[in-house]
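Have the model open in a cartoon view, with side chains hidden until a stop calls for them. The tour goes strand by strand through the sheet, then to the helices, and ends in the loops.

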Amino acid sequence: MSHLAEQSFVPLNIAVLTVSDTRSLDTDTSGQLLVEKLLAAGHRLAERVLLKDDIYRIRAQVAHWIAEDRVQVVLITGGTGFTARDSTPEAVLCLLDKQVDGFGELFRQISVADIGTSSVQSRALAGLANATLVCCMPGSTNACRTAWDGILAEQLDARHRPCNFVAHLKQAAPCESRS
């Protein structure tokens with residue numbers, strides 16, 4: 001599988017979506033953490049959006065990004081819990097061509113160290129749609145840090161061996177940040 005890893009870093013165009021009924025862009029520490037992490041890693045912020053937890057608005061925004069040539073990765077934080085308003089997995093699942101089962105499994109596994117058996121309540125998930133990686137994470141800043149540091153940093157790096165997601169993503173021209 002070493003053919004899926006490249007020798008040089010490939011900057012990706014990444015969109016960040018925060019799903020929250022209570023946060024604003026000013027108070028969105030989870031989305032901000034993801035932006036800081038992706039920029040520090042050398043990737044580009046394609047766009048940053050904050051939406052209320054509404055299944056159809058979430059689905060429409062993610063579908064828009066999946067259809068855009070410039071967006072290669074969509075990171076979503078929030079809306080993955082069990083309350084009546086949490087609808088991110090339901091909004092996203094129908095858009096995916098292939099689900100990446102290992103993302104949610106690994107996220108829950110590494111979350112045990114921080115939150116113990118509460119990790120079973122995580123509905124974190126990921127998948128590929130139109131050669132775009134879509135990752136759904138819980139809304140807590142610590143959960144976003146866990147996902148980035150424990151999974152995404154390596155899987156979004158073309159140099160990571162034996163494999164990573166970069167080879168599976170659409171080729172995109174550099175984009176200007178829009179937030």
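## The sheet

Begin by selecting strand β1, residues 13-19, together with β2: seven bridges join the two strands, which run parallel. The model is a predicted one. Show the side chains of I14 and L45; I14 stands opposite L45, which belongs to β2. Further along the pair, L17 of the tour's opening strands stands opposite V49 in β2.

Now zoom out to the whole sheet. It is open and has six strands, in the order β2-β1-β3-β6-β5-β4, with mixed pairing. The edges are formed by β2 (44-51) and β4 (98-99), each of which pairs on one side only.

Keep β2 selected for a moment. Is this edge strand enclosed or not, and how many of its eight residues are buried? Six of the eight are buried, so β2 is largely enclosed by the rest of the structure.

Next, select β3, residues 73-77. Five of its five residues are buried, so this strand too is largely enclosed by the rest of the structure. Which way do its side chains point? V73, L75 and T77 point one way from β3, while V74 and I76 point the other way, and all are buried. The general pattern is that side chains in a regular strand alternate between the two faces of the sheet.

With β3 still selected, add its partners. On the β1 side, five bridges join β1 to β3, and the two run parallel. T18 stands opposite T77 of β3 here. On the β6 side, β3 and β6 are joined by five bridges and also run parallel. To see a pair of residues there, show I76, which stands opposite C136 in β6.

## Helix α4 on the sheet and against α5

Select α4, residues 101-115. This helix packs on the sheet and touches β4, β5 (125-129) and β6 (132-137). The direction of α4 makes about 30 degrees with that of β6.

Add α5, residues 141-155. Two packed helices are described by the angle between their axes and the distance between the axes. For α4 and α5 the angle is about 120 degrees, and the axes are 10 Å apart. That makes α4 oblique to α5. The crossing of α4 past α5 is right-handed.

Turn on the side chains at this contact. From α4, the residues are F103, L106, F107, I110, S111 and D114; from α5, they are N142, A143, T146, A147, G150, I151 and L152. By class, the contact has eight nonpolar residues, four polar and one charged.

## Helix α1 against α5

Hide α4, keep α5, and select α1, residues 29-40. At what angle do the axes of α1 and α5 cross? They cross at roughly 25 degrees and come within 8 Å. The cut-off for roughly parallel is an angle under 35 degrees. That makes α1 roughly parallel to α5. As it passes α5, α1 makes a right-handed crossing.

At this contact, show T29, S30, L33, L34, K37 and L38 in α1, which meet T141, C144, R145, W148 and D149 in α5. These residues divide into five nonpolar, three polar and three charged.

## Backbone details

Move to the loop between β5 and β6 and select N130, which is placed there. Phi of N130 is near 50 degrees, a positive value in a residue other than glycine. With a relative accessible area of 43%, N130 is partly exposed.

Select A131, in the loop between β5 and β6 as well. What is notable about phi of A131? Phi is near 60 degrees, again a positive value in a residue other than glycine. A131 counts as partly exposed, at 28% relative accessibility.

For the last stop, go to the segment after α5, where P162 lies. Show the backbone from R161 to P162: the peptide bond that joins them is cis, with omega about 10 degrees.

Terms used
Residues numbered from 1 in each chain as written. Predicted model: local features only at pLDDT ≥ 70, side-chain atom pairs only at ≥ 80, totals over all residues. Heavy atoms only, no water. Axes fitted to C-alpha atoms, helices over the stretch in contact; angles between N-to-C directions. Helix = DSSP H or I, 4+ residues; strand = E, 2+ residues; numbered from the N terminus. Parallel < 35°, antiparallel > 145°, perpendicular 65-115°, else oblique. Left-handed = near helix turned anticlockwise from the far one by under 90°. Contact = heavy atoms within 4.5 Å. Nonpolar A, V, L, I, M, F, W, Y, C, P; charged D, E, K, R; others polar. Pairing = 2+ DSSP bridges. Buried < 20%, exposed > 50% of the residue type's maximum accessible area, 1.4 Å probe, protein only.
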